[in-house]
Amino acid sequence: MGIDLRAALTLPHRPFLATTRALLAAAAMASTLPLAESWRGAEAAQVGASQSVNFGQALISSSCTLSTSDGSIGVRTNRSLITSDSGETGNFNGNLAAATVAAVSNLTSSGFVRVDNPTLTGGSTAATSSQVRMGSGSWDTSAQVNLDTEGSLPITPLHVRFSTTNDNNRFANGTYSASATVSCYDG
Amino acid sequence: MTATSTALTTPMRLMLGLGLGLIGLVGSSPAALAFGQSPLRLEQPRGVLLLSNPSSRSIALSLQVFAVVQHHARSSAALTPLEPEQAERWIRLRPSRLRLGPGASRTIPYSVLDPTRDFFLCGVSEQGLFTLRVCSRWRSGQPPAASLPVDQASP
């Protein structure tokens, strides 16, 4: 019977932990024994049959969990820009606040989170430029961040901004809302 | 211990593993909406997906098939899903729409019907202002579900 590596690695925490504990316990015992006693132990004869122990199966399966919280947007008083980023220049009406994105996975750094398709809906003026920014990244039509070596993306601020060349470069009266698509992949 | 471990079915073990991984995320941001999926690589033409909702709110999910596109030299899912009729020729899923309560998980069996296609199978959840997608990749060239002996196919 061959060894199924995936099966052999399933649920690694418990068996590994148990093994580690057993090794630590053995090491601790050995370090406290007098030298002569250690020597006598090495000479001891085995009595009875040996007995193997099993640790069952473990299964590693890639996973990713995305977590988000909504932000809010405001509009520049000259109506030229709608954004969630209070760091933008100008005076704004509304409460500007970042959304957040976080991820937990077991992908190590092969995984990544991507934000696409920043979209402004509502109102009567369509945006002609839609951009997104994650963390300290730059503005772009999409944003992509690699997961860290633990496979995680810490809670990261996410901003959007929209401008228009319609209606004399100004957003007309109306209620606007912004959205985006956040995806997690094993790269 | 051994008997207990070996008695766990694959979906149960998946849920346990995924659940352990989610504790930190939910704990760090209790107000957040969240959604998880496993595995992210479909290695077998038949198997199960595990979908989970570690958040404190009920969420609606759908499983959709997306073409593979390249962005910044990495593969990702197109923004628009395939038409359901086309998707159903590539992979069978039952169900493809579901609702998960707070803390709930569910396994969804799948069967790849056309292994010559590259695609992403993404769990999609509209949450607040976001569309969340966690995407599992099927790579072409893997054997179809129908060609495998029963004892080699995952449940």
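A pocket is an open set of points on a 1 Å grid over the protein atoms alone, where a 1.4 Å probe fits, with protein on both sides within 12 Å along at least five of seven lines; its lining residues have an atom within 4 Å of a point. The model shown here is predicted: local features need pLDDT of at least 70, side-chain atom pairs count only at pLDDT 80 or more, totals for chains, interfaces and linings use all residues, and side-chain values use heavy atoms, with hydrogens and water left out. Residues are numbered from 1 along each chain as its sequence is written, while chains are lettered from A and ligands numbered from 1 in the order in which they are written.

**View 1. The second largest pocket has a lining of 16 residues.** Those that lie nearest the centre of this pocket are B:L63, B:P84, B:A87, B:E88 and B:S96. Three elements of chain B, namely β3 (59-66), α3 (84-90) and β6, each supply at least two residues of the lining. Such elements are DSSP runs numbered from the N terminus: helices are H or I runs of at least four residues, and strands are E runs of at least two. The largest contribution is that of β3(B), with 4 residues. Sorted by class, the lining holds 9 nonpolar, 3 polar and 4 charged residues. Here Ala, Val, Leu, Ile, Met, Phe, Trp, Tyr, Cys and Pro count as nonpolar, Asp, Glu, Lys and Arg as charged, and the others, Gly among them, as polar.

**View 2. An open sheet of 7 strands contains strands of chain A and chain B.** The strands follow the order β8(A)-β6(A)-β10(A)-β10(B)-β9(B)-β3(B)-β7(B), and the pairing is mixed. At the edges stand β8 (143-146) of chain A and β7 (97-100) of chain B; each has a single partner strand, so one side of each is left without a neighbour in the sheet. Two strands count as paired if DSSP finds at least two bridges between them. Strand β10 of chain A (residues 176-186) runs parallel to β10(B), and 5 bridges join the two. One bridge places A:C184 opposite its partner B:V134 in β10(B).

**View 3. Strand β9(A) is paired with β3(A), β5 of chain A and β7 of chain A.** Strands of a sheet pair through backbone hydrogen bonds, either parallel or antiparallel. With β3(A), the pairing is antiparallel over 3 bridges, and A:T83 stands opposite A:R161. Strand β5 (residues 99-105) is also antiparallel to β9(A), over 4 bridges; the partner of A:A99 there is A:L158. Strand β7 (residues 129-134) is joined to β9(A) by 6 bridges in the antiparallel sense, and A:Q131 has A:R161 as its bridge partner.

**View 4. A:E88 and A:R161 form a salt bridge.** Side chains of opposite charge can pair when their charged atoms come close. A salt bridge is counted when a side-chain nitrogen of Lys or Arg lies within 4 Å of a carboxyl oxygen of Asp or Glu; the count is 6 over all chains. For A:E88 and A:R161, the distance from N to O is 3.2 Å. The pair links distant parts of the chain, 73 residues apart: A:E88 is in the loop between β3 (81-83) and β4 (92-93), whereas A:R161 is in strand β9 (residues 153-163). A:E88 counts as buried because its relative accessible area is 15%. The term buried means under 20% relative accessible area, exposed means over 50%, and partly exposed is in between (1.4 Å probe, protein chains only).

**View 5. Two salt bridges of chain B involve B:R117 with B:D114 and B:D118 with B:R137.** The N to O distance between B:R117 and B:D114 is 3.1 Å. B:R117 is partly exposed at 37%, whereas B:D114 is buried at 17%. For B:D118 and B:R137 the distance is 3.6 Å. These two residues link distant parts of the chain, 19 residues apart, with B:D118 in the loop between β8 (105-112) and β9 (119-127) and B:R137 in strand β10 (residues 130-138). B:D118 is partly exposed at 31%, and B:R137 is buried at 9%.

**View 6. Several loops contain backbone features, including a cis peptide bond between B:S38 and B:P39.** Omega of this bond is about -5°, and B:P39 is placed in the loop between β1 (33-38) and β2 (46-52) of chain B. Another cis peptide bond joins B:R94 and B:P95, with omega about -10°; B:P95 is in the loop between β6 (91-93) and β7 of chain B. A:D167, in the loop between β9 and β10 of chain A, has a positive phi near 50° although A:D167 is not glycine. A:D167 is partly exposed, at 44%. B:H72 also has a positive phi near 50° and lies in the loop between β4 (68-71) and β5 (74-77) of chain B. With a relative accessibility of 55%, B:H72 counts as exposed.
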